[in-house]
Amino acid sequence: MPQSQREIRFNAFDMNCVVHQSPGLWRHPADRAREYNTLDYWVDLAQLLERGLFDGLFIADVLGTYDIYGSSNEAALRAGAQVPVNDPSLIVPAMAHATKHLGFGVTAGTAYEHPYPFARRLATLDHLTNGRVGWNVVTGYLPSAAQNMGNKDQLPHDERYDRADEYLEVVYKLLEGSWEDDAVLNDAESGTFVDPDKVHPINHHGTYFDVPGIAITEPSTQRTPVIYQAGASPRGTKFAGQHAEAVFIKADNLDGVKDTVSRIREAAEAAGRPRDAIKIFTMQTIITGKTHKEAEEKFAEFSRYIDPVGGLTLMSGWTGTDLSVYGLDEPITNIESNAIQSTAAMISKGTAEGAWTVETLGHATGIGGFGPVVVGSGEEVADELIRFQDEGDVDGFNLAYAITPGTFEDIVDYVVPELQKRGRYKTSYTDGSLRHKLHGHGDRLPDTHIGASFRQH
């Protein structure tokens with residue numbers, strides 16, 4: 001379909017914890033986030049999302065606590081703000097078994113785990129999901145994670161990406177280049193399961209890693225799972241241009257979306273890839289109902305549960321700045337960050353009404369984690385999403401929630417049918433792997449992707 005009429009894609013944005021992006025909303029009587037540590041919660045959610053023809057469930061993760069606010073993790077623990085948090089990868093096989101098409105984006109960092117065992121985990125997930133898994137590559141931003149892994153602090157921001165470049169090189173060599181496609185013979189008559197002549201050591205000796213041997217997994221459906229990425233700093237954008245097949249962005253207005261999308265597409269071109277090689281999803285929270293009035297009433301009800309301190313705790317971690325030292329009405333400007341630089345830049349820029357203060361920021365982060373929130377009927381929400389796609393050149397939306405699974409149920413019931421009526425949302429899934437569903441060019445990395453250069457030819 002023409003560029004202005006392409007279909008909108010949805011990912012659900014969740015995390016294996018009680019409080020992901022909406023601090024305080026776990027207290028709402030209809031919220032099931034407390035069940036995060038049960039398989040029933042995740043299987044029910046996956047089946048709901050597949051009913052709504054979502055492309056995927058994107059599962060965020062951190063490996064440390066948010067202990068910047070007040071120089072302690074007490075506020076994070078009290079609010080349940082992304083702690084306690086469980087491993088995102090272990091819930092995926094159960095959800096995949098209960099669904100047929102839904103994709104799963106698993107967040108995992110390049111800072112604290114060696115790429116050799118991690119590549120095996122990726123391949124295992126790709127086998128068990130029949131090619132429906134993606135890897136959201138993060139470089140880390142919480143000092144507490146670095147300290148608990150034996151380091152004084154995390155690496156400087158840009159060096160984290162240098163390390164990540166090499167980390168992905170190792171993963172590509174293992175998953176793309178170590179085993180030839182026909183290495184597995186499975187020949188009972190000759191007694192040969194694998195032809196050793198078709199399995200190759202990668203002999204990687206780099207700045208950060210030494211991996212001399214072979215991959216210990218046979219090739220999976222996608223070989224390398226779909227590469228997701230979310231960094232929007234200049235260095236993060238360059239990284240996305242080289243590696244990412246889908247990018248999640250966050251901007252507080254349409255102009256911000258346009259600017260970020262343009263930079264990502266230019267980065268893809270600079271890396272020798274097509275401008276549309278990366279599917280771009282912008283963060284969005286949707287509060288909807290049968291009517292505008294019903295949606296407004298839901299938003300007002302949800303707002304009564306906001307935990308501003310919980311929001312500030314998350315925001316302090318995202319920016320690397322202790323917001324507890326500011327007065328309630330003190331303007332927040334010129335934040336310098338070794339954490340998530342794009343978030344720090346958004347806050348430093350302020351709004352059309354002026355600079356952010358601690359008080360306004362805490363409430364703004366309360367529903368949807370400082371991302372944009374649209375409130376309205378299914379028709380009104382569809383209008384806004386279509387406008388953002390047509391004017392902002394995004395491929396879809398990474399949907400945060402106020403309550404779970406209620407927010408997603410409302411989207412499936414009210415927004416999806418409206419978009420389908422307008423021809424802007426799929427009415428059935430495409431068969432095949434997650435990569436093929438997203439890009440339509442088969443299961444494996446395209447030849448223009450840097451990972452393809454590590455294949456055995």
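Select Pro405 to begin: this residue lies in the loop between β15 and α14. The model on screen is a predicted one. A cis peptide bond joins Thr404 and Pro405, with omega at about 5°.

Next, select residues 406–421, which form helix α14. The helix has 16 residues, and from its first C-alpha to its last it reaches 23 Å, close to the 22 Å expected at 1.5 Å a residue. Where is the kink in α14 centred? Look at Val412: the kink there is about 35°.

Now show the side chains of α14. Which of them are buried? The buried residues are Gly406, Thr407, Phe408, Asp410, Ile411, Val412, Val415, Val416, Glu418 and Leu419. To see what they pack against, add the strands β1 (9–15), β11 (279–289) and β15 (396–400) to the view, along with the helices α1 (39–51), α9 (292–303) and α13 (378–392). Just after α14, pick Gly423, where phi is positive at about 70°.

Go back to Phe408 and display what surrounds it. Leaving aside residues up to four places away in sequence, Phe408 touches Ala12, Phe13, Leu45, Leu48, Leu49, Phe54, Leu399, Ala400 and Tyr401. Phe408 also belongs to the largest nonpolar core, which has 54 residues. Within that core, Phe10, Phe54, Leu57 and Phe408 touch the most other members. A second core, separate from this one, has 38 residues; select Val62, Tyr69, Phe248 and Met315, which are among them.

A second cis bond can be found elsewhere in the chain. Select Val83 and Pro84: the peptide bond from Val83 to Pro84 is cis, with omega near 0°. Pro84 sits in the loop between α2 (74–79) and α3 (92–97). Asp87 is found in the loop between α2 and α3 too. Is Asp87 buried, partly exposed or exposed? Its relative accessible area is 38%, so Asp87 is partly exposed. To put a distance on the view, draw a line from the C-alpha of Asp87 to that of His363: the two are 29 Å apart in space and 276 residues apart in sequence.

Move to Arg223, in the loop between β8 (210–211) and β9. Phi of Arg223 is near 60°, a positive value in a residue other than glycine. Arg223 has a relative accessible area of 5%, so it is buried. For another such backbone angle, select Asp393 in the loop between α13 and β15. Asp393 is likewise not a glycine, and its phi is positive, near 65°. Asp393 counts as partly exposed because its relative accessibility is 21%, and the cut-off for buried is under 20%.

From Arg223, follow the chain into strand β9, residues 226–229. Which residues point which way from β9? Val226 and Tyr228 point one way, Ile227 and Gln229 point the other way, and all are buried. In a regular strand, side chains alternate between the two faces of the sheet.

Add the neighbouring strands. Strand β4 (residues 133–138) runs parallel to β9, and four bridges join them. In this pair, Asn136 stands opposite Tyr228. Strand β10 (residues 246–249) is also parallel to β9, joined by two bridges. Here Gln229 stands opposite Val247. To trace how the chain gets from β9 to β10, colour helix α7 (residues 234–243): the chain passes through this helix, and the β-α-β crossover is right-handed.

Select Thr260 next, in helix α8 (residues 254–270). Thr260 is buried, as its relative accessible area is 10%. Not counting residues up to four places away in sequence, Thr260 touches Ala232 and Ile249. Between the C-alpha atoms of Thr260 and Thr282 the distance is 9.8 Å, and 22 residues separate them in sequence.

The last stop is a hairpin. Select β5 (residues 184–187) and β6 (residues 192–194), which pair in the antiparallel sense over two bridges. Val184 in this pair stands opposite Val194. How many residues lie between the strands of the hairpin? There are four, and in this hairpin Gly191 takes a positive phi near 75°.

Note on methods: Residues are numbered from 1 along each chain as its sequence is written. This is a predicted model: local features need pLDDT of at least 70, side-chain atom pairs count only at pLDDT 80 or more; totals for chains, interfaces and linings use all residues. Side-chain values use heavy atoms; hydrogens and water are left out. The expected span of a helix is 1.5 Å times one less than its number of residues. The bend at a residue is the angle between axes fitted to the seven residues ending there and the seven starting there. Buried means under 20% relative accessible area, exposed over 50%, partly exposed in between (1.4 Å probe, protein chains only). Contact means heavy atoms within 4.5 Å. Two strands pair if DSSP finds at least two bridges between them. A crossover is right-handed if, with the strands pointing away from the viewer, the path from the first strand over the helix to the second runs clockwise. A nonpolar core is a set of buried Ala, Val, Leu, Ile, Met, Phe, Trp, Tyr and Cys residues joined through side-chain atoms within 4.5 Å.
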